[in-house]
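Student: Could you take me through one hairpin of this model closely, and then show me how the strands and cysteines elsewhere look?

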Amino acid sequence: MNCLPKTLYLILAAFTVFLLLAPAGMGASIRGLTVDTNEASAEEFGWDATTFGAFCYPVNKHQNFVNDSIAWGERLRIENTDSTNGAFGTSGPSNHVLDKEELVYSTKPFCCKYKLVSELGLSGDSIPADMGSAFYWKLPFFAKPYIAIENDASQLSSIVCMQGGSDKKTLRTGETWDLGKGYTLTVHQVDTDGNKVWFSLEKDGEEIESAIIEADGTVESQAFTATADFGDGNDQLYFVTYVDSVFMGSVDSLAVFKYTWLVDKDNVLVIENGDEYQGLEVKEASETGLVLKNPDTITIDVDSDKKTYFTDSWYFQTSDDGKGTGGVGYILYPAMDLNNPGTYKIRGLTLDTGINDASSFGWDATTFGAFCYPVNKHQSFVNDSIAWGERLRIENTDPTHGAFGTFDPSNHVLDEEELVYSTKQFCCKYKLVSELGLSGDNIPEDMGSAFYWKLPFFAKPYIAIENDATQLSSIVCMQGGSDKKTLRSGETWDLGKGYTLTVHQVDIDGNKVWFSLEKDGEELESAIIEADGTVESQAFTATADFGDDNDQLYFVTYVDSVFMGSVDSLAVFKYTWLVDKDNVMVIKSGDEYQGLEVKEASETGLVLKNTDSITLEMDDGTYFTDSWYFQTSDEGKGTNGGYIIYPVTDVTIEAEPAPESAENELAEVEISPDETNSTADSSGSKASPAPEVRESNSASSESDDESSEQSPGFGLLTCILGLCAVFVRRK
């Protein structure tokens, strides 16, 4: 390759900048329950808040969320209303076209009790008069919770602040609480007797409410409410707070606020038929709910490497075609990208202890989104006789507290060794092999095989060395099939965990590149690669002795192209695969990980169990590992006096630091965690365009720090081999 058009160079430079600006959570997502098009009937292509974790889900209202005749909250379904492309499911497993108005998103408001009322046990005349009622109506709209003004789903107001039952906000005299969306609450003074506080509510710096509250132990005195005319109603409640206590000290004077509830009265979203939101058109807008449908045909890209977006952030993910049951059809599920800063709950499938029997309390990668899930291997993941990947189940092995489920719906104690986490490795093909269609003698000799074995362990993927589940090596970098990394001469690619790849020089003819792999600044491998169009020349592999074996593959890369220009010399790398050979985790029976003890450690898989009994806290989270916990409803919110239970993990997406000259435009919204999936705004903006099909992001770990350093061409150089193997057992 002797020249590179200027346009292509600019594209490469722009792509590098894009990688630098990519958001922190790029690639993370929330999955919905999977559907096999060769197993599910047309009626089964539907998801509610219990089967798609992106939807708002207040667990204590479970019964009304899953009841089809009540159907509170959000639902997404595929309907067969147009015969042009046939129905989804068993009647046409290969169909992947949604005709107009066949994708239906609906949402219906549900009643909630003000925290001031529920936490203080108020009723009748004890409820402040301006509140009007103990209840308000909430409507989730594209995963963001709104207030349905006067229980009208077509008039929505954003929730600015909603303190949970145990939340407190302590303010000193003169201190201001930024509630969000321009609203602030300021404490002006505390009286000398220390039992009264003067505060005000402002919007964009202008006072809209002011009050002097006395903390005398009565709700009438300590509660403050405010109403205004907004939407189609007059004197609508928009603000509630409660002064829990006041303190006047020798140094500081303080006031403590609880049960604060604030909606944005100045920005009402009025929804009408024909409006478009997130690419879907409103077909029904009434007081009782909203129904939106796709105005245009949607062709789902049946490819595991691609996403088909049907809103700005929701998309359908599929397997490759032919990965359904019996090699017919495909696997399909909805998902949501986690690109906006915030804390999200990755939920498992909900179970009702009053309905589900003891054998039902188990989750695999299709029913708990925290687990690793390669969709193309779906059949082997859900097949109990193969059981690849991670599984979590509750077993009845100790009769002390009885079995979970219908046998004893109120039982909420897991005895010793009744919580079982297991994981089993699965085979994967190197991207170098699969993307280039290699087989037999075409596969580089040092690779040994077209396959390696991956084992997920507490949701993190590892390499099982020599297909041995007891010897694990961390994945440092794994480029996806369409990923490329462009490096200039002198530039270094930070692969992670101390590993770097540096391009030293490109030869003057522009068809060879000299690069090296380093660990903590020390060279491990060095190579001169010629981009001559043959795999033999363009691929580079490296082996080392680690684990219990010799000459184990730990690094693969492929030089896709090389360029020598008048300004820059570049090399493009693809299919890079790197594992951490210097830190091998050896797992043995009796070891403890994340609070669970290894009971079985063999080449074929791992089994861990709880060593102490676990008492589930009702209406709270009970951690059983460092990051996973069981969430339950209140007692009695399930069927037959039981309760609702599901596993959860929280994922936090950090905001990218804003440039010094730019203002941070992210508004903080406090939302009770048991009533919504995320504190992040999931955007219900009107008339947002329908997004195009976009390719998925790979799980590679990389940092793209640009370097302007350049080097001249080079002639014949000597390759230096440096290996360093240190075996460290990590518990």
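Tutor: Happy to. Let's start at the turn: K181 takes a positive phi near 55° in the hairpin of β12 and β13, which has two residues between the strands. Keep in mind that this is a predicted model, where local features need pLDDT of at least 70, side-chain atom pairs count only at pLDDT 80 or more, and totals for chains, interfaces and linings use all residues. Residues are numbered from 1 along each chain as its sequence is written, and side-chain values use heavy atoms, with hydrogens and water left out.

Around that turn, β12 (residues 176–180) and β13 (residues 183–190) run antiparallel, joined by four bridges. Strands here are DSSP runs of E, at least two residues, numbered from the N terminus, and two of them pair if DSSP finds at least two bridges between them. Within this hairpin, W177 stands opposite L185 in β13.

Further along, β45 (residues 596–602) pairs with β46 (residues 605–610) in the antiparallel sense over six bridges. There, S602 has G605 in β46 as its bridge partner. Both strands belong to an open, antiparallel sheet of six, in the order β28-β29-β31-β46-β45-β44. Its edges are β28 (362–363) and β44 (592–593); each has a single partner strand, so one side of each is left without a neighbour in the sheet.

Now the cysteines. C56 counts as buried because its relative accessibility is 0%, and C161 counts as buried at 1%; buried means under 20% relative accessible area, with a 1.4 Å probe and protein chains only. Taking a disulfide as a pair of cysteine sulfur atoms within 2.5 Å, the count comes to zero.

How values were computed. Buried means under 20% relative accessible area, exposed over 50%, partly exposed in between (1.4 Å probe, protein chains only).
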